[in-house]
Amino acid sequence: MSDKDDNKMTIIATKGTFDWAFPPFIIASTGVAMDKEVTIFFTFYGLNLLLKDTSKLRVSPLGNPGMPMKMPFGPKWLQKIDFGPRIPNILWSIPGTEALVTWLMKKTMAKHGVAKLEDLRDMCQEFDVKFIACEMTVELFGFNKEDFIDGVEFAGAASYFDEAATGDHHLYM
Amino acid sequence: MADETLDASGLNCPLPILKTKKALSKMSAGQILEVISTDAGSVKDIEAFCNQTGNKLISNVEDGGKFVFTIEKV
């Protein structure tokens, strides 16, 4: 274990959809596993990632042309088809499609042995990743602090700078 | 002969690394951990992990779709 100051790493997590919930927790947990000291600053929609109940997090195919869409089950030929570019965007505005696509993404992840969101987050906490929730956006969006998991600090942008004052590895997600 | 064995088969990035870290943290210096993984990405990743953490990658063998890593804890 190194205790060098330049071993610090920070991540600013700004996105609150199911898909974008993964990168901050994957990079943070791996960083700590590789002896970095990691802080994640959650702001704006990123605050969703700290909720006790993450079941409301969704991935939206609407206006998301980069998202490959393949079936996680069925015959092999079917699983190979990327429906992403084939389905007109307008269909994704039908109620329920977001929930359906989120469910399919969870199935695909489970099939590929990808960790569950809560498990990755738990592992981050177990490895002492520091979670800071942006106080201003907590109030702005009317979140209740009780809705967040334990072990979250509430602070502002200046605290982020304090965390990021040392180290040379700072990411915005 | 390994002191501990970690079977990370079926798990995907970053779980093999996280589980390796956890397993090593319970061991003492000089002990040998054997990690079994089916994630092809872990070949480069375990190497990078050892590079950064100073643990010694003694061997790395592929055996019918399974990757077996032998790591000595520093």
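Two strands count as paired if DSSP finds at least two bridges between them, and the strands themselves, like the helices, are DSSP runs numbered from the N terminus (H or I and at least four residues for a helix, E and at least two for a strand). With that in hand, look at chain A: strand β1 (residues 8–13) and strand β2 (residues 37–42) run parallel and are joined by 6 bridges. One place to spot this is K8(A), whose bridge partner in β2(A) is E37(A).

Before going on, a word on what you're looking at. This is a predicted model, where local features need pLDDT of at least 70 and side-chain atom pairs count only at pLDDT 80 or more, while totals for chains, interfaces and linings use all residues. Residues are numbered from 1 along each chain as its sequence is written, and chains are lettered from A and ligands numbered from 1 in the order in which they are written. The model scores ipTM 0.89 and pTM 0.91. For chain B the mean pLDDT (the predictor's confidence in each residue, from 0 to 100) is 95, with 100% of its residues at 70 or more.

Back to chain A, which has 6 helices and 5 strands. Walk along its sequence and you meet them in the pattern β-α-β-α-α-α-β-α-β-α-β. The 5 strands sit in an open sheet with parallel pairing, in the order β4-β3-β2-β1-β5. At the edges are β4 (152–155) and β5 (169–172) of chain A, each pairing on one side only. From one strand to the next, the twist averages 20°. Helix α6 (residues 157–164) of chain A packs on this sheet, touching β1, β2, β3 (130–134), β4 and β5 of chain A. Its direction makes about 150° with that of β1(A), where angles run from 0 to 180 degrees between N-to-C directions and axes are lines fitted to C-alpha atoms, for helices over the stretch in contact.

Now hop over to chain B. Here strand β1 (residues 4–8) and strand β2 (residues 32–37) pair in the parallel sense over 5 bridges, and L6(B) stands opposite V35(B) in β2(B).

Finally, see where the chains meet. Their contact (C-beta atoms, placed from the backbone, within 7 Å) takes 11 residues from chain B and 11 residues from chain A. On the chain B side, α1 (15–25) and α2 (42–53) are the elements that give two or more residues, and α1(B) supplies the largest share, 4 residues.

Methods:
Two residues are in contact if their C-beta atoms, placed from the backbone, lie within 7 Å.
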